[in-house]
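Me: I'd like to go through this model and ask how each label is earned. Could you show it first?

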Amino acid sequence: MISKDLLQPFQYLFDTELIESIAHVALLKNYQKLDIIIDIGQELNFIPLLIKGNIKVLREDDNGDELLLYVLESGDTCAMSLTCCMVKSVSKIRAIADDEVTVIMIPIAQMKLWFNTNESWRQFILQSYQIRFDEMLETIDTIAFMKMDERLFKYLKDHVKLTASTTLEMTHQEISEDLNTSRVVISRLLKQLEREEKIELGRNKIRVLEF
């Protein structure tokens with residue numbers, strides 16, 4: 001059993017009965033930055049509800065290169081893991097802690113039961129599907145229609161919104177992996193953005209000046 005206080009991010013979404021049920025059946029898990037929470041090919045027995053921190057959700061191609069699909073924030077769940085649980089398939093995504101992360105894990109059986117018996121849970125699941133679907137469409141549009149410098153600047157501005165800070169602590173390598181390109185390309189484009197006075201570069205830090 002977990003403390004109901006941990007469910008604060010979900011208080012406005014779930015009714016009192018559901019909060020009580022979650023507190024009784026959920027497991028609490030903590031992760032450090034870069035820990036793998038869900039991996040590709042993993043059989044899922046639980047779905048995560050994010051209490052604290054951010055989680056990057058990635059796809060991997062045949063060469064092992066990763067592409068960032070979306071980022072989960074406090075109060076979110078992963079639609080991809082929901083789908084895998086519902087149809088009993090293995091995970092097709094990798095979920096990685098972007099900083100210190102706290103999640104509560106909901107057993108599959110409870111997730112399915114609540115979907116049929118609890119309106120607030122059903123609405124949460126359906127809304128989560130819609131939000132993640134919209135985010136993946138945005139990712140596709142970004143790849144298809146934006147040049148790499150535009151993608152990079154959008155990526156930085158999105159992280160400003162996520163962290164609520166204009167100073168981002170990240171390496172050129174981390175960015176290149178998220179955007180599925182080379183570190184050399186990212187370094188060159190960051191210098192270009194700095195010359196345009198959109199960002200300011202430091203040691204493993206990027207200050208976003210325009211957003």
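Reply: What follows is a set of labels, each held up against its cut-off.

Reply: First, the ground rules: this is a predicted model, where local features need pLDDT of at least 70, side-chain atom pairs count only at pLDDT 80 or more, and totals for chains, interfaces and linings use all residues. Residues are numbered from 1 along each chain as its sequence is written, and side-chain values use heavy atoms, with hydrogens and water left out.

Me: What makes Glu20 and Lys4 a salt bridge?

Reply: The term needs a side-chain nitrogen of Lys or Arg within 4 Å of a carboxyl oxygen of Asp or Glu. For Glu20 and Lys4 the closest N and O atoms are 2.7 Å apart, so the pair qualifies. Glu20 lies in helix α1 (residues 16-25) and Lys4 in the segment before α1, so the bridge ties together parts that are 16 residues apart in sequence. Helices here are DSSP runs of H or I with at least four residues, strands are E runs of at least two, and both are numbered from the N terminus.

Me: Why is Glu20 called partly exposed?

Reply: Buried means under 20% relative accessible area, exposed means over 50%, and partly exposed is in between (1.4 Å probe, protein chains only). Glu20 has 31% relative accessibility, so it counts as partly exposed. Its partner Lys4, with 36%, is partly exposed as well.

Me: How do you know that Glu119 and Arg122 are separated by about one helical turn?

Reply: They are 3 residues apart in helix α4, which gives that separation. They also form a salt bridge, with the closest N and O atoms 2.4 Å apart.

Me: What makes Phe133, Leu137 and Ile140 a nonpolar surface patch?

Reply: Patch residues have over 30% relative accessible area and no salt bridge; nonpolar side chains (Val, Leu, Ile, Met, Phe, Trp, Tyr) are joined within 5 Å, like charges within 9 Å. Phe133, for one, has 46%, so it clears the area cut-off. The patch made by the three residues is about 280 Å², with areas from the Shrake-Rupley method. Phe133 sits in helix α4 (residues 119-145).

Me: How do you know that the chain's radius of gyration agrees with a compact globule?

Reply: The radius is taken over C-alpha atoms, and the globule rule is 2.2 Å times the number of residues to the power 0.38. For 211 residues that comes to near 17 Å, and the chain has 18 Å, so the two agree.

Note on methods:
Areas by Shrake-Rupley, 256 points an atom, 1.4 Å probe, with all protein chains shown as cover.
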